[in-house]
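Please look over the structure shown here together with the report that follows, which moves from the chain as a whole to individual residues and ring pairs.

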Amino acid sequence: MGNKNRQVHGHSGSGNQLKRDLTTRQLTMIAMGCAIGTGLFLGSGLAISTAGPGVLISYAIGALIVLILMGCLAEMTVAHPSTGSFGFIAETYIHPMAGYLVRYSYWIANVLAVGVEVSAIAIYMKYWFPTVPGLVWILFFGAVLIYVNATSVHTFATFEYWFSMIKISAIVGFILLGAYVIFGETSGTNMGPENLVNDGGFLPFGWSGVWIAIFISLFSFLGTELIAVTAGEAKDPDIAVPKALKATVFRLTVFYVLTLALMLMIVPWKSAGVDKSPFVKVMEILNIPGASGIMNFIVLTAALSAMNSQLYASTRMMFSLSQSKFAPALFGSVSKKGAPLAALAVSATGIVVAAAVSALFPNTSYEFMMGISMFGAIFTWLMVFISHLFFRKAWEQKGGRKLPVKMIGYPYLTIIGAVLLVSLMLTTWVTDFKILLQFGIPWLIFLSITYFFTNKKKALHHESVNQLNN
């Protein structure tokens, strides 16, 4: 079963197959591009106002969860480099229904995350055009990125590479500027490490604030798993995937913790929020001529980059669903340039949802879109941990080839990652992010019902195969 599916999802060729055109450098940049979006440039303001300076602990714990996740993903993805990635692995090692739930949940997470990014774009554009409705910018930029994704994967990767270069360069520049401002000879009187303990101390909202902010930090890291999805289009997945995963997690952790620490030293944490990017607020406080406008352009680029990557991810997951007969065959077809246009069209619905939410709830659209998009992401990550437990057990029982990449601390770290995610999901019920479970529970019920009626034959086939194997 595994080999058959690997061929379906794998190498380039004729027919409905994707092309292996992505290099290690492009893989890393795509994942960085997806993860360094509004979660850092706008969502960090929400996280700071939730936890105060203690948000640094929140992001460190979030990074730890992601690090464990990447270790599990690296091991499984190198063994099965497919576009279906963790969906294919859940289907193969747990049950077809597990693969069905994971793929559709990850698909909806990215579809809605596209909406989160485009909602943020509408906020950024108000900096220059305060009277233009956000709906206009949502539709305009949505159309541009749909066009980019409708071309070849090489065009998408090139576009994303330069998008990512702009914002990564900007973050490095921000770190250097922030360090100079705080520790240089011309440091301001109201700036410095003391801002980390002023106004209520380091933990003004206690550990509960830190815990809630972990949830927001995970939204910031959403996208790192995209490397596993792109494995089906990577030139040398055995080498490229683990290398890109390690580089991505390390760089993201350094970028997030350093930039947030410097930001908190410059801007009092009580000034944080989502009315505009905290990065823009820093530039306004520093009063550098034209700097706030340049920074707003950079955070706009960051949102476009993340939106571009998430549109790619949701499109590839829908393609994978079709390849596994979980979605209409139409969504498994590709254009002459290798782009799955039908899957792209249905995956662009997040832009329509964002447009509607922006029109109905213009002041809270960002927080609302973040809440509903995060269920699919956290559920997918949880299933990655569970799949890893099943995968390693099955691999060792079969006595297969030695794993090129092996997750350390198995099974303890895998279990710790799963427990942390379940705990976070449950505690959102008593926070402002209750929408996560209000959306997520009905979503899983809906998927389970549709699976039962549309995929019963596949489930029976899977059970018969297991009986034969046993």
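## Overall make-up

The protein chain contains 20 helices and 0 strands, and the model described here is a predicted one. Of the 470 residues in the protein chain, 61% count as buried. Among contacts between residues at least 6 apart in sequence, 82% join residues that are at least 24 apart. The protein chain exposes about 18,400 Å², and carbon and sulfur atoms supply 67% of that area.

## Helix 4 and the glycine after it

Helix 4, which covers residues 43–51, is mostly covered, with 8 of its 9 residues buried. The buried residues of helix 4 are Gly43, Ser44, Gly45, Leu46, Ala47, Ile48, Thr50 and Ala51. Just after helix 4 comes glycine 52, which takes a positive phi of about 70°.

## Serine 292

Serine 292 is found in helix 14, which covers residues 291–323. Is serine 292 buried or exposed? Its relative accessibility is 13%, so serine 292 counts as buried, given that the cut-off for buried is under 20%. When its neighbours within four places in sequence are left aside, serine 292 is in contact with Tyr127, Val280, Met283 and Glu284.

## Aromatic pairs

A search of the whole structure finds 21 aromatic pairs. One of them is formed by tyrosine 100 and phenylalanine 326, which meet edge-to-face, at 5.2 Å centre to centre and with 75° between the planes. This pair links distant parts of the chain, since tyrosine 100 lies in helix 7 (residues 96–125) and phenylalanine 326 lies in the loop between helix 14 and helix 15 (341–347), 226 residues apart. Tyrosine 100 is buried, with a relative accessible area of 4%, and phenylalanine 326 is buried as well, with a relative accessible area of 6%.

How are the rings of phenylalanine 375 and phenylalanine 379 arranged? Their centres are 5.9 Å apart and their planes are at 10°, so the pair is stacked, the cut-off for stacked being planes under 30 degrees apart. Phenylalanine 375 and phenylalanine 379 both lie in helix 17 (residues 365–398), where they are 4 residues apart, about one turn of the helix. Both phenylalanine 375 and phenylalanine 379 are buried. Elsewhere, ring pairs link Tyr100, Tyr104, Trp107, Phe326 and Tyr451 into a cluster, which includes the edge-to-face pair of tyrosine 100 and phenylalanine 326.

## Charged groups over rings

Two residues with charged side chains can be described together with the rings that they sit over. The charged end of arginine 392 sits over the ring of tyrosine 410, at 4.4 Å from the centre of that ring. Lysine 434, in turn, lies over the face of tryptophan 429, at 5.2 Å from the ring centre.

## A nonpolar surface patch

Which residues form a nonpolar patch on the surface? The patch is made up of Ile441, Ile445, Ile449, Phe452 and Phe453, which together have about 550 Å² of accessible area. Among these residues, isoleucine 441 lies in helix 19, which covers residues 435–454. With a relative accessibility of 47%, isoleucine 441 counts as partly exposed, because that class lies between the cut-off of under 20% for buried and that of over 50% for exposed.

Methods. Residues are numbered from 1 along each chain as its sequence is written. This is a predicted model: local features need pLDDT of at least 70, side-chain atom pairs count only at pLDDT 80 or more; totals for chains, interfaces and linings use all residues. Side-chain values use heavy atoms; hydrogens and water are left out. Helices (H or I, at least four residues) and strands (E, at least two) are DSSP runs, numbered from the N terminus. Buried means under 20% relative accessible area, exposed over 50%, partly exposed in between (1.4 Å probe, protein chains only). Contact means heavy atoms within 4.5 Å. Accessible areas come from the Shrake-Rupley method with a 1.4 Å probe; for residues, only the protein chains shown count as cover. Rings of Phe, Tyr and Trp (its six-membered ring) pair if their centres lie within 6.5 Å; planes under 30 degrees apart count as stacked, over 60 as edge-to-face and the rest as tilted. A charge sits over a ring if NZ of Lys or CZ of Arg is within 6 Å of the ring centre and within 35 degrees of the ring normal. Patches are made of residues with over 30% relative accessible area and no salt bridge: like charges are joined within 9 Å, nonpolar side chains (Val, Leu, Ile, Met, Phe, Trp, Tyr) within 5 Å. A salt bridge is a side-chain nitrogen of Lys or Arg within 4 Å of a carboxyl oxygen of Asp or Glu.
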